[in-house]
Number of protein chains: 2
Amino acid sequence: MINRLDARAKRSQKALMKAGMEKLNENPEATLSDIASHAGVGRATLYRQYETREKLILAIAIDCFDIIDEATASIEGKARNALDAIRMMFEHITPLTREFQFLMNLERVIKNDPQIASINKKHRTQMIDLVEYAKKKGEVDKAYPTSWIVNLIEGLFYAGWVQLQQEGSNPEEVAGLAFKTFCQGVAIQR
Amino acid sequence: MINRLDARAKRSQKALMKAGMEKLNENPEATLSDIASHAGVGRATLYRQYETREKLILAIAIDCFDIIDEATASIEGKARNALDAIRMMFEHITPLTREFQFLMNLERVIKNDPQIASINKKHRTQMIDLVEYAKKKGEVDKAYPTSWIVNLIEGLFYAGWVQLQQEGSNPEEVAGLAFKTFCQGVAIQR
DNA sequence: CCGATATGATACAAGTATGTCTCACTTAAT
DNA sequence: ATTAAGTGAGACATACTTGTATCATATCGG
């Protein structure tokens, strides 16, 4: 088993990614000095691990996507149907507030990177496929454009993120609210 | 009728606010040089009209709120019920993509200002009142927390904004999708 | 244990944004 | 037409961030 990285370098990277996520979530214009000192490493070390500011942001963003992918990996095998898969998406992604916030805030910075573009495209394609499958199975109303449903899910993640920022509500409860709203809305039917 | 501002100053301010909105929407870190030259005025003039970068951003943000307030002013008189008022909110605010984007992107910068805080608080209170009125009238499901409904509306604005960025869909259509989703969700009822 | 490698601290260069100031010139107000 | 005010252009000081380089020290891997 070949370890390409020295244990010290690995520690530095981990600390820098964590500090970067935190500081950049607080303020997307946080300086590399801020991030390095918050990580407890020298600024020079940051530059040794990440050539530029953008490379650091990119590394963190890719880590966020990995975490999301990992959280949703089990869905495909377990979901009983398309709607259940969407329910599980809310359940598994809603708790990842830091990752969601990071990707949302720094989208503008990272979206031009080809690797990020590729990941985004893959995710979007998966969502489109899932929604169209749900439509075909009669679980989702065909009257809505697929693109709207996909964007709606994004919007519900956002609403859930805001909700979690505001109060002492827990992710499970919020995910439930989001999914219920997704299915039946909030008006009284008559 | 007293005009406190010279016509030239008024022109400069108008051009700077417009250019600021555009440039800062493209890139929240746009420089004051960028904004001034895009507005067709000298950088010194920008500083004459707005003491600091933050003052400019603040002025634009307040203008955005004014535009939103203006767009929604007619609702109270016209709406037939609470749900209809919410429908009209989607209808009137969804087209204001530039204002929505600006307030969303620069929230972090402006939220510490007392004037902005006051406006935000007022808007939130109005939304809470509207939702609780809708609940009382049996138009909205009391099982949902009011805070969730308020955040949901914000999330649907966001989804609508994304939808309008992506395709050739028009605001009226998107507002309709958002409101229908708000009421009944997107799943097939059984 | 010892060689290789990462680190911290620091100095340094370069670029850039902010904010102030001045002055000649143009435009508005009455 | 005359006065008052705003403007454009540019110089200037300041501060800050990025990115590079160096060197003594500490830590890792084998």
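These are my notebook entries on the two protein chains and DNA strand C in a predicted model.

**Conventions.** I number residues from 1 along each chain as its sequence is written, and I letter chains from A and number ligands from 1 in the order in which they are written. For this predicted model I need pLDDT of at least 70 for local features and 80 or more for side-chain atom pairs, while totals for chains, interfaces and linings use all residues; side-chain values use heavy atoms, with hydrogens and water left out.

**Symmetry.** I superposed the copies by least squares on the C-alpha atoms of residues with pLDDT of at least 70 in both. Chain B goes onto chain A by a rotation of 180 degrees with 0.0 Å of shift along the axis, at an RMSD of 0.1 Å. That is the relation of a two-fold axis. I find that 100% of the contact residues of chain B recur in chain A, so the same surface serves both copies (contact: heavy atoms within 4.5 Å). In chain B, the residue that comes closest to the rotation axis is B:G185, with its C-alpha at 1.9 Å.

**Interface of chains A and B.** I note 47 residues of chain B in contact with 47 residues of chain A. The buried area is about 3900 Å², with 57% from carbon and sulfur atoms (accessible area, 1.4 Å probe, that two parts lose on being put together, summed over both). I looked for residue pairs in polar contact across the interface and got 28, both residues at pLDDT 80 or more. A polar contact is a pair of N or O atoms within 3.5 Å; within protein, one must be able to donate a hydrogen and the other to accept it, and residues adjacent in sequence count only if both atoms are side-chain atoms. On the side of chain B that touches chain A, α10(B) has the largest share, 14 residues (helices are DSSP runs of H or I, at least four residues, numbered from the N terminus).

**DNA strand C.** I count 24 residues around the strand, the closest being A:S12, A:T45, A:R48, B:R8 and B:R43 (near: a heavy atom within 4 Å). α3(A) gives the most to this surface, with 5 residues. Of the strand atoms within 4 Å of the protein, 58% belong to sugar or phosphate and the rest to bases.

I then checked single side chains. A polar side-chain atom of A:R48 lies 2.6 Å from a base oxygen of the strand; for B:R48 the distance to a base oxygen is 3.5 Å. B:R53 has a polar side-chain atom 3.0 Å from a phosphate oxygen.

Notes. Helices (H or I, at least four residues) and strands (E, at least two) are DSSP runs, numbered from the N terminus.
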